[in-house]
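Please open the structure in your viewer and follow the stops below in order. Each stop proposes a selection and then describes what is found there.

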Amino acid sequence: MDFFDRFSIPPHDDPMLYASIVAIAIVSIAIVVGLTYFKKWGYLWNEWLTTVDHKRIGIMYIISALLMLFRGGADAVMMRLQTAVPDNTFLDAQHYNEVFTTHGVVMIIFMAMAFIIGMMNFVVPLQIGARDVAFPRLNALSFWLYFAGAMLFNLSFVVGGSPDAGWTNYYPLAGTDFSEHVGVNYYNWALQISGIGTLMTGINFIATIMKMRAPGMKLMKMPMFTWSALITNLIIVFAFPVLTIALLMGTFDRQFFTNFFTTSDGGMDMMWANLFWIWGHPEVYILILPAFGIYSQIISTFSQRNLYGYKSMVASMVVISLLSFLVWVHHFFTMGQGAVANSIFSITTMAIAVPTGIKIFNWLLTMWKGKIRFTTPMMYSVAFIPLFTIGGVTGVMLAMASADYQYHNTMFLVAHFHNVIIPGVVFAMIAGLIYYWPKMFGFMLNERIGKWAFWNIVIGFCLAFFPMYITGLNGQARRMYTYSESTGFGPLSMVSFIGALLLAVGFVLIVYNVYYSFRHAPRNVGDDPWNARSLEWATHNPVPEYNFAITPNVNSEEAFWDYKKNGHDLFKGKIEDIHMPNNSGWSIIFAGIFFVFGFCFVFHVWAGVIIAFLGIIGCMIYRSFEKDDGHHIHKEEIEETEKKFGGAK
Amino acid sequence: MKLKWTYLAFLAGIASLLAGCEPLLVLNPKGPQAETTANVIWISIITMSVIVIVVLVMLTVILLKYRASKQDPDYEPPHIEGNKYLEGIIVGIPIIIVAFLSVVSATSTHQVENPPEGYDADEPLVIYASSSNWKWHFSYPEQDIETVNYVFIPTNQNVEFRLYSHGTISSFWVPQLAGQKYAMADMTNYLNVVAEEPGEYVGRNSNFNGEGFAENDFTVTAMAPSEFDSWVEDIHNTAEPLTEEKFEELLEPGHLGRMTFTGTHQDFKPAPEGENSPHHHGSSDSEDDGEHHHH
C-alpha cells in the first residue's frame, strides 16, 4: 500500500473538495455514457481527435480554453467569496493558497494561451489564403501536448494535491524544503509538456506566415491579426526555451537534489525569479498582441473604414516585441538591485507606453469619420479602449521604481494586471469568438443575449477590480487568505465579490447564448454577415475543409473589401484538385504517452517514466519512417460543395 | 453611451469614497521616504488622469459623432492611410510624458535608496530584520537586544534595516514609513527608514511565503530618543538572554507573539553579508560586497 500513499491528497478536512471530486467523477461518467449511447465515439475519433485541420484544432483549443476559463473562474469566485468579509473561514490558508496558484496558472497558461493559439489556428491560414498551416500534423501534436499538460495540471486537484507556491512559483518556497508534496512537480511537468506544444506552435506559425501566403500578399499587405500572430510567434520562439530550462532546473532541484535555486550550497533563489520573468514578461505580450490584432480587425470592420496608420501599427508591435525582453526586472524592483539598475528598467518599461499609445490613438482614428455599428464584438472593443487605457496608465505608475516599492505585492498590482488582461485579452477573445462564430459554425450568436452578457462582464469587471487599486494603496498585500476588520478592507472587498459574481453571470450567459443560438438561430447567414473587409471573409460560412476553392489573388490588406467595392478580381484561376493532409491518431497517442510520462515523473514512478520515455522515442521513430502523402479532394467534389454554398466564386 | 456614464459615475463614486475615508496608508506618510513615494504616486496619478481623460473625451466624441444611426445611410467612410503630422503628435506627446516620468522615477528611486536628506550626516541606528516562517526577528547589535514581531525605533533618526531571511523570500514593508524591500536567505538588503512622528505603524511581510503568510506582520513603534534609551535599559534589566537553542526553537515554522531578549542571534548566526555571504568568494572581491551598501 505504500506505493499508493503518494497519490492521496494532503489532508484536508474540507467536504467541498470531496464534493468536487464526486462531481468530476459524475461528469466524466456522464460524458462516456452519453458518447456510447448516442454512438458518437467514431465521429469523435474520426472528425475531431485525429484531425489535422487547422480550423478544427482551433475550435478544440477554444473549447478547452473555455473549460479552463470556468475552472479558473470557479477558483476566482472562491477567492473573492473567502475575502468578501473579514476573518472569513470559508477556505483555510492552505486551500486558499492552492486556489490562487491554480487560478493563475490555469488562466494564463491553459485559458489565455489556448484561446489565442486557438484563434490564431482558426483565423491565420484563412487570412493569408492558405489551405492549412505549414505542418498540420505538428499542429495537432501542439494541441494534444497542450491538452495533456492541462489535464495533468487539473489532475493535481484530485491526485496528490495542487501546487501552492503561487503561479510565479518562487523558490525557495517552491522547493522541497517548504513545499514537500507533489503539487509543484505537477506545476513543473504540466507547464513543461504544454510549453513544448506552444514552442512547436511558434515554429509552425512562423513557417506558415512566412511561406504560405496567397499570391500578392506581401508582408505589408497582411491583415493586422496575421501581423500580430507573426510577432507573437517570434516572441514565443525566443521566450519559451527560457521557461523550458527554468522548469527543468526546478525539476532537478526538487527531484534530483541539485541546488540551482536552493539557499544552500551555492544555489540562488533569485535566479528563478529572473528566469521566470525573462520568459514571463514576453509572455504578457504573447497574450496581448493577438488581442490587439483582433481589435484591429473588429474596429475596422464595424467602423466601416480601413485601419488607420497600418505602418505605425506594425512598427509599434515590432518595438513592443523588442522591448518586451528588456523589462523583466520590473517584476522585482524590490530585490535590491540598487537605484541605477532599477532606473534603467523603469525607463525601458515606461517606454512601452509609447508604442501602445500609438495603437490606442490609431484605433480611435480608425473610428473617426467612420460609420460605427454597435454589434457585440464592437461593444467589447469600444469598452476595451478606455479600460485598457486605465490598465496601461496604472502600468506606467507601477513602472516608477520608487513608487513600486509601495505597490509591489499589493492588490494595486493585482488590479493592474487584471485591468490589462481582462479588457485586453479576455474581451478580445470573446469579441473574436463572437465575430468569427459564423465562420466556425455557420450561424450567428444572439446579439441580445450577447449584449446582456457584455454589460454583466463590463460592470462586473469594474466592480471586481477597481476597488483593489484602493485597498492596495491602503496596504492590502495580495495572496492573503484573510484580514482583520480593523484593516478596513472589508467593504471594498465585498464590492469586489459582487463584481466577481456579475462576471460569472456574464460568462454563464455566453454559454447560454451558445445553446440558445444553436437551437434557434437561422442557418442562412451568408458568407459575409458583418460586412467585413479582410480575406478570411472571402470564403464560405462555415468554412469548407479546403478553405478556398481557388487560391485567392491578393492586392491589399483588405482584399475582400476591394473585391466587393473596387472590382478587384480575387479568384482568377479555375477549380482544380486540392492536395490535403491525412488525419492521424499519432498526435493524440504521442501526447497521451507524454501525459503518462509526466504523471509518472511527478510521483517518482521510475519504471513508468522509462517505459513512457521509450514510447515517446518510439513514436518519433515511427513518425520519421512513416510515409503519408496525404490525399486529394477532387475537382467534382469541390464543385459540388461550392454549389451547395451558392456557386463558386 | 451608457458605458461612459456608468464609467464616470463609477469614478465619481470612487473619488467620493476616497474623500470620505481615512487617508490611505501609502498616501499618509509619516517619514521622508514614504513622503517621497507618496509624492511620486500623486504626480503619476495626476499625469495619468490627463491621459485617461483625453482618451475618454476623444472616444466619447467619436462615438457620438460617427455612429451609424446618426448618419446618412448612403455615407461611405473615406479611405485614410495615415498622416505624418498626426502620427508624429501621437508619438511625440507620449515620449515627452514618459521622459518627464523617467526623470521623476530615476531621481526619486535614488532618493529612497539612500538615507534621506538631513539624516545622512549621523551614523544610522542599525537593526537587522530577518524573517522566518512566519515571524520577524529584530536584532539590535549595538544595543545588544533582540525582539520578535515588534520593533521600537527612535524618531527623527535614520534607521538602517538590514534585511535577510532564514528561508523563504519575504518582503519587509511598513507602508507609512517606506517602500518595501525583499528579505532573502543569500544576501542582505538595506533599507533606510526615518519616522518623523511618534506612533505605532503596521508592518508586514508582503511577499507570499506559505501557509502562515496572512498573519506574518509586525508593528513599528516610533518614540522619542530618550524613551527609546530607557526601553533598551529596561530590557537589559528584565529580559532573558537569547541562546542558540532558544533561537533554533524560534525558527520552527509557526506564529509567535511578541518576544524580547538580551543578546542577538548575530553572535552565533550572522546575517549573509560580507564574509558570511554564501556567494562570497574570498577576500579578493570584498569590494563586491561593499557595493551592496548605500553609496
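**Stop 1: The domains of chain A**

Begin with chain A, where the domain assignment gives domain 1 as residues 11–49 and domain 2 as residues 50–563 together with 585–644. The model shown here is a predicted one. Colour the two domains separately; their C-alpha centres lie 26 Å apart. The contact involves nine residues of domain 1 of chain A and seven residues of domain 2 of chain A.

On the domain 1 side of this contact, select α2 (15–37) and α3 (41–49) of chain A, each of which supplies at least two residues. The largest share of that side, five residues, comes from α3(A). Sorted by class, the side of domain 1 of chain A that touches domain 2 of chain A holds five nonpolar, two polar and two charged residues.

**Stop 2: The largest nonpolar core**

Next, select Met111(A), Ala114(A) and Ala591(A), the residues with the most contacts inside the largest nonpolar core, which has 284 residues. Then display helix α5 (residues 93–127) of chain A, which gives the most to this core, with 22 residues.

Which residues does Met111(A) touch, not counting those up to four places away in sequence? With that exclusion, its contacts are Ala65(A), Met68(A), Leu69(A), Gly72(A) and Val106(A).

**Stop 3: The end segment of chain A**

Move to Gly646(A), located in the segment after α21 (635–644) of chain A. Is Gly646(A) buried or exposed? Gly646(A) is exposed, because 11 other C-beta atoms lie within 10 Å, and a residue counts as exposed with 12 or fewer. Add Gly526(A) to the selection: although 120 residues separate the two along the chain, the C-alpha atoms of Gly646(A) and Gly526(A) are 9.3 Å apart.

**Stop 4: An overview of chain B**

Now turn to chain B, which contains six helices and twelve strands. Chain B has 295 residues, of which 38% count as buried. Among its contacts with a separation of 6 or more, 70% are between residues 24 or more positions apart.

The domain assignment of chain B gives domain 1 (2–70 + 82–112) and domain 2 (125–275). Over C-alpha atoms, the centres of domain 1 of chain B and domain 2 of chain B are separated by 37 Å. Where these two domains meet, eleven residues of domain 1 of chain B are in contact with 13 residues of domain 2 of chain B. On the domain 1 side, α2(B) gives the most, with four residues. By class, that side of domain 1 of chain B has six nonpolar, four polar and one charged residues.

**Stop 5: Where chain B touches chain A**

Show both chains and select the contact between them, which takes 75 residues from chain B and 77 residues from chain A. On the chain B side, the elements giving two or more residues are α1 (2–20), α2, α3, β7 and β9 (199–205) of chain B. The residues of this side of chain B comprise 46 nonpolar, 22 polar and seven charged.

**Stop 6: Helix α3 of chain B**

Select helix α3 (residues 84–112) of chain B, a run of 29 residues. From its first C-alpha to its last, α3(B) reaches 42 Å, close to the 42 Å expected at 1.5 Å a residue.

Show the side chains of the buried residues of α3(B), among them Ile90(B), Pro94(B), Ile97(B), Val98(B) and Leu101(B). Further along, the buried residues of α3(B) include Ser105(B), Ala106(B), Ser108(B), Thr109(B) and Val112(B).

What covers the buried residues of α3(B)? The cover includes α11 (339–351), α12 (353–367), α13 (376–399) and α14 (401–407) of chain A. From chain B, the cover includes α2 (32–66) and β7 (178–183).

**Stop 7: Strand β1 of chain B**

Finish with strand β1 (residues 125–132) of chain B, which is largely enclosed by the rest of the structure because six of its eight residues are buried.

Add strand β5 (residues 159–165) of chain B, which pairs with β1(B) in the parallel sense over seven bridges. Ser165(B) in β5(B) is the bridge partner of Ser131(B). Then add strand β2 (residues 135–140) of chain B, which pairs with β1(B) in the antiparallel sense over five bridges. Here, Phe138(B) in β2(B) is the bridge partner of Ala129(B). Trace the backbone from β1(B) to β2(B), which are joined by a hairpin through two residues.

Key
Residues numbered from 1 in each chain as written. Chains lettered and ligands numbered in written order. Predicted model: local features only at pLDDT ≥ 70, side-chain atom pairs only at ≥ 80, totals over all residues. Buried ≥ 20, exposed ≤ 12 C-beta atoms within 10 Å, placed from the backbone. Domains from an automatic or database assignment. Nonpolar A, V, L, I, M, F, W, Y, C, P; charged D, E, K, R; others polar. Expected span 1.5 Å × (residues − 1). Core = buried A, V, L, I, M, F, W, Y, C linked by C-beta atoms within 7 Å. Pairing = 2+ DSSP bridges.
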